[in-house]
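Work through the exercises below with the sequence and the coordinates side by side. Try each task before reading its solution.

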Amino acid sequence: MTAENQDLFRDPQGNFMDIKDWPGIELNADGSVRELIWAYEEDHDLQHENQGRMCFEWLPATVEEIWMTDRGFDATLECARLPQKLRELHAGNNRISGTLVFEQLPTGIQKLDLCKNLLTGGLDLRKIPSHLAVIEVVANQLDGEVLFSQETTALQVVHAGENKLHGGIRLSS
């Protein structure tokens, strides 16, 4: 994170505050981190840059929801390294690169919003987690086929426009 972003987590003497005092952090009753809310509430068309790097692998395993839209964070998405209790990831309008490997997502994930990032590869939806209902990946650099299984019963919404996906939707059972 940039020095300016880090200042949000420091006391007046420049020391890092206890995590319970950080803005945008929701805790469980046992004091573990449940939710991160680091989203800007401004113009969603503004593309921030150079705001620092987000390392998903360093997030606590207890995190269930991440809200970090419109931040301009650089990150590499490695689905297998996301917190295993994660249910919702809202990280649109950042600078997240990588490939979506749906079968490596946390098993309980329900919503995945990664619009306006730098993701590449196709959309292989044949082995998605059983609870995943919403996938939003509009305006990335996705460039392959969309592969879909009729067994993905929870899936309700897939928004994948403004990419370079090609071919029809291929169904398999």
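**Exercise 1.** Decide whether Asn-117 is buried or exposed, then find its partners.

*Solution.* Start with the accessible area. Asn-117 has a relative accessible area of 5%, so Asn-117 is buried (buried is under 20%, exposed over 50%, partly exposed in between; 1.4 Å probe, protein chains only). This is a predicted model: local features need pLDDT of at least 70, side-chain atom pairs count only at pLDDT 80 or more, and totals for chains, interfaces and linings use all residues. Residues are numbered from 1 along each chain as its sequence is written, and side-chain values use heavy atoms, with hydrogens and water left out.

Next, place the residue. Asn-117 sits in the loop between strand E7 (111-113) and E8. Strands are DSSP runs of at least two residues (E), helices of at least four (H or I), numbered from the N terminus.

Now follow the side chain. It reaches the backbone oxygen of Ala-91 at 2.9 Å. The Asn-117 side chain also reaches the backbone oxygen of Leu-114, at 3.1 Å.

Finally, list the contacts (heavy atoms within 4.5 Å). Leaving out residues up to four places away in sequence, Asn-117 touches Ala-91, Gly-92, Asn-93, Asn-94, Arg-95, Ile-96, Ala-139 and Asn-140.

**Exercise 2.** Which residues of the largest nonpolar core touch the most other members?

*Solution.* Take the definition: buried Ala, Val, Leu, Ile, Met, Phe, Trp, Tyr and Cys residues joined through side-chain atoms within 4.5 Å. The largest such core holds 36 residues, and Phe-56, Leu-100, Phe-102 and Leu-114 touch the most other members. Two or more residues each come from strand E2 (33-37), strand E4 (74-77), strand E8 (118-125) and strand E10 (141-149). E8 gives the largest share, three residues. In soluble globular proteins, nonpolar side chains tend to be buried together.

Then inspect Phe-56. Beyond its neighbours within four places in sequence, Phe-56 contacts Met-68, Ala-75, Thr-76, Leu-77, Arg-81, Leu-82, Pro-83, Leu-89 and Ile-96.

**Exercise 3.** Where is Glu-151 placed?

*Solution.* Glu-151 lies in the loop between E10 and strand E11 (157-159). Its relative accessibility is 59%, so Glu-151 counts as exposed. Check the backbone too: the C-alpha atoms of Glu-151 and Lys-127 are 8.8 Å apart, across 24 residues along the chain.

**Exercise 4.** How many helices and strands are in the chain?

*Solution.* Count one helix and twelve strands. Read from the N terminus, the order is α-β-β-β-β-β-β-β-β-β-β-β-β. Of the 173 residues, 40% count as buried.

Methods
A polar contact is a pair of N or O atoms within 3.5 Å; within protein, one must be able to donate a hydrogen and the other to accept it, and residues adjacent in sequence count only if both atoms are side-chain atoms.
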